[in-house]
Amino acid sequence: MLAVSGRPPQERGRWAFEMKWDGIRAIARCGDGDCRLYSRNNRDLSGSFPELTAVLADLGEGGELLLDGEIVAPDPVTGAPSFGRLQRRMHVISPGAELLRGFPAQYLAFDLLALDGSFLMNLPYTERRERLAELALDRPLARTPPYYPDIDPTTLMDVAREHGLEGIIAKRLDSAYYPGRRSPLWIKTPLRRTTEVVVAGWLPGTGRFSTTFGSLALGAYDDHDQLVHIGNVGTGWTMHARRSLQTRLNELARPDTPFDIAPPRALAATAHWVEPVLVADIEYREVTPEGLRHPSWRGLRPDRSPREAKVPPSQ
């Protein structure tokens, strides 16, 4: 179940609020002493996070259990989820001991969808949360974060900002769980603007970036399901990350533009096009008719499908 973007609702007694976690959304399916983790696009993440599947494996002893939650990588100083640190784990299928020690992950379970083989998705949010609390999931690598049924959302936003968190999510107390749907029964309010994009091509770099790209051409799908250009991004990488990404771009090279609507002529004259399969997370200031303003690269999202990258609305 997915949330819509918007201002937090003000009606007391109808909504609960949770923190918005900066990580990878993941369903945990546990049963018969085993546990697997799956992303939103049904990618099996279990190999990338073996410490999490191990710590959750015993939860399905009474029958199949399904959890909804977020995989995060806490900052060792602040404890807040760090998307940058999580990037070090997302693309490694079988991490070694050094990577596991240096960039530990954690699973934050915020919903319970099935217990002892029985589906709970038709139950109200409050009942699912009560069942989740009964699991007493409070382990070093897996826990259930709190929710707040009676709080001023402005206060919670201030707390999120103070602790470097991504924002808050409001959930209707009587809401069932609708898998695969983006519903106004869940409303997310981020503190910073981010969006998912499709990498469509790259422009040559100059100076110290002459051996790699200088910027990337970004696309997203509009209301007519057409891939359109929404700007370029040229910041947010280390030199090592640039070289690594350049290798992937070279492997995905194609002779013509992947955009369904012709991009600006200046871009088309210099761009090297790639197959539109890489999805990335971008932070930006605002959306203008020319595209994203002041975009910055946050990282690739292997847990997202290209069609999920939609043109963000203008503010």
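Before the pockets, one definition: the strands here are DSSP runs of E, at least two residues long, and they are numbered from the N terminus. That is how I use a label such as β10. One more thing up front: this is a predicted model.

Let's start with the largest pocket. Its volume is about 1300 Å³. Its lining takes in 44 residues, and the closest to the centre are Ser5, Lys20, Lys188, Pro190 and Thr194. Which elements give two or more residues to that lining? They are β1 (2–5), β2 (15–20), β9 (167–172), β10 (182–190), β11 (193–204) and β15 (279–284). The largest share comes from β10, with 5 residues. Now the chemistry. The lining divides into 16 nonpolar, 8 polar and 20 charged residues.

On to the second largest pocket. This one has a volume of about 660 Å³. It is lined by 20 residues. Closest to its centre are Gln87, Arg88, His91, Ala241 and Trp297. At least two lining residues each come from α2 (83–90), α6 and β18 (296–300). Which element supplies the largest share? That is α6, with 5 residues. By class, we have 8 nonpolar, 8 polar and 4 charged residues in this lining.

Keep Trp297 in mind. Besides sitting among the residues closest to the centre of the second largest pocket, Trp297 belongs to an aromatic cluster. Ring pairs link Trp297 with Phe213 and Trp237 there.

So, aromatics. The model has 5 aromatic pairs. Take tyrosine 177 and tryptophan 186. Their ring centres are 5.8 Å apart, and the planes meet at 75°. That makes the pair edge-to-face, because the angle is over 60 degrees. Are these two residues buried or exposed? Both tyrosine 177 and tryptophan 186 are buried.

Next pair: phenylalanine 213 and tryptophan 237. Again edge-to-face, at 4.9 Å between centres and 75° between planes. What does this pair tie together? Phenylalanine 213 is in strand β12 (residues 213–221), while tryptophan 237 is in the loop between β13 (227–233) and α6 (239–251), so the contact joins parts 24 residues apart in sequence. Phenylalanine 213 and tryptophan 237 are buried too.

Two arginines sit over rings. Arginine 181 lies over the face of tyrosine 178, at 4.5 Å from the ring centre. Arginine 242 does this with phenylalanine 209, at 3.8 Å from the ring centre.

Now the enclosed space. How many cavities of 30 Å³ or more are there? The count is 1. The volume of the largest cavity is about 50 Å³. Look at the lining on the structure. One stretch holds Pro9, Gln10, Glu11, Arg12, Gly13, Trp15 and Phe17. The rest of the lining is Pro149, Asp150, Ile151 and Pro153. By class, that gives 6 nonpolar, 2 polar and 3 charged residues.

Next, the cysteines. The structure holds 1 disulfide. Which residues does it join? Cysteine 30 and cysteine 35, with S to S at 2.4 Å. Cysteine 30 has a relative accessible area of 1%, so it counts as buried. Cysteine 35 is buried as well, also at 1%.

Last topic: backbone angles. Two residues other than glycine deserve a look on screen. Asparagine 42 has a positive phi, near 65°. Where is asparagine 42? In the loop between β4 (34–38) and α1 (50–56). Asparagine 42 counts as exposed because its relative accessibility is 61%, and the cut-off for exposed is over 50%.

The other one is alanine 136. Phi is positive here too, near 50°. Alanine 136 is in the loop between α4 (125–134) and β8 (142–143). Its relative accessible area is 57%, so alanine 136 is exposed.

To recap. The largest pocket is about 1300 Å³, and β10 gives the largest share of its lining. In the second largest pocket, that share comes from α6. Phe213, Trp237 and Trp297 form a cluster through ring pairs. The disulfide joins cysteine 30 to cysteine 35. And asparagine 42 and alanine 136 each carry a positive phi. That's my tour.

Key. Residues numbered from 1 in each chain as written. Predicted model: local features only at pLDDT ≥ 70, side-chain atom pairs only at ≥ 80, totals over all residues. Heavy atoms only, no water. Phe/Tyr/Trp six-rings, centres within 6.5 Å; stacked < 30°, edge-to-face > 60°. Buried < 20%, exposed > 50% of the residue type's maximum accessible area, 1.4 Å probe, protein only. Helix = DSSP H or I, 4+ residues; strand = E, 2+ residues; numbered from the N terminus. Lys NZ or Arg CZ within 6 Å of the ring centre and 35° of its normal. 1 Å grid on protein atoms, 1.4 Å probe; cavity = no way out; pocket = protein on both sides within 12 Å on 5 of 7 lines; lining within 4 Å. Points joined across faces, edges and corners; volume = space filled by probe spheres on them. Nonpolar A, V, L, I, M, F, W, Y, C, P; charged D, E, K, R; others polar. Disulfide = S-S within 2.5 Å.
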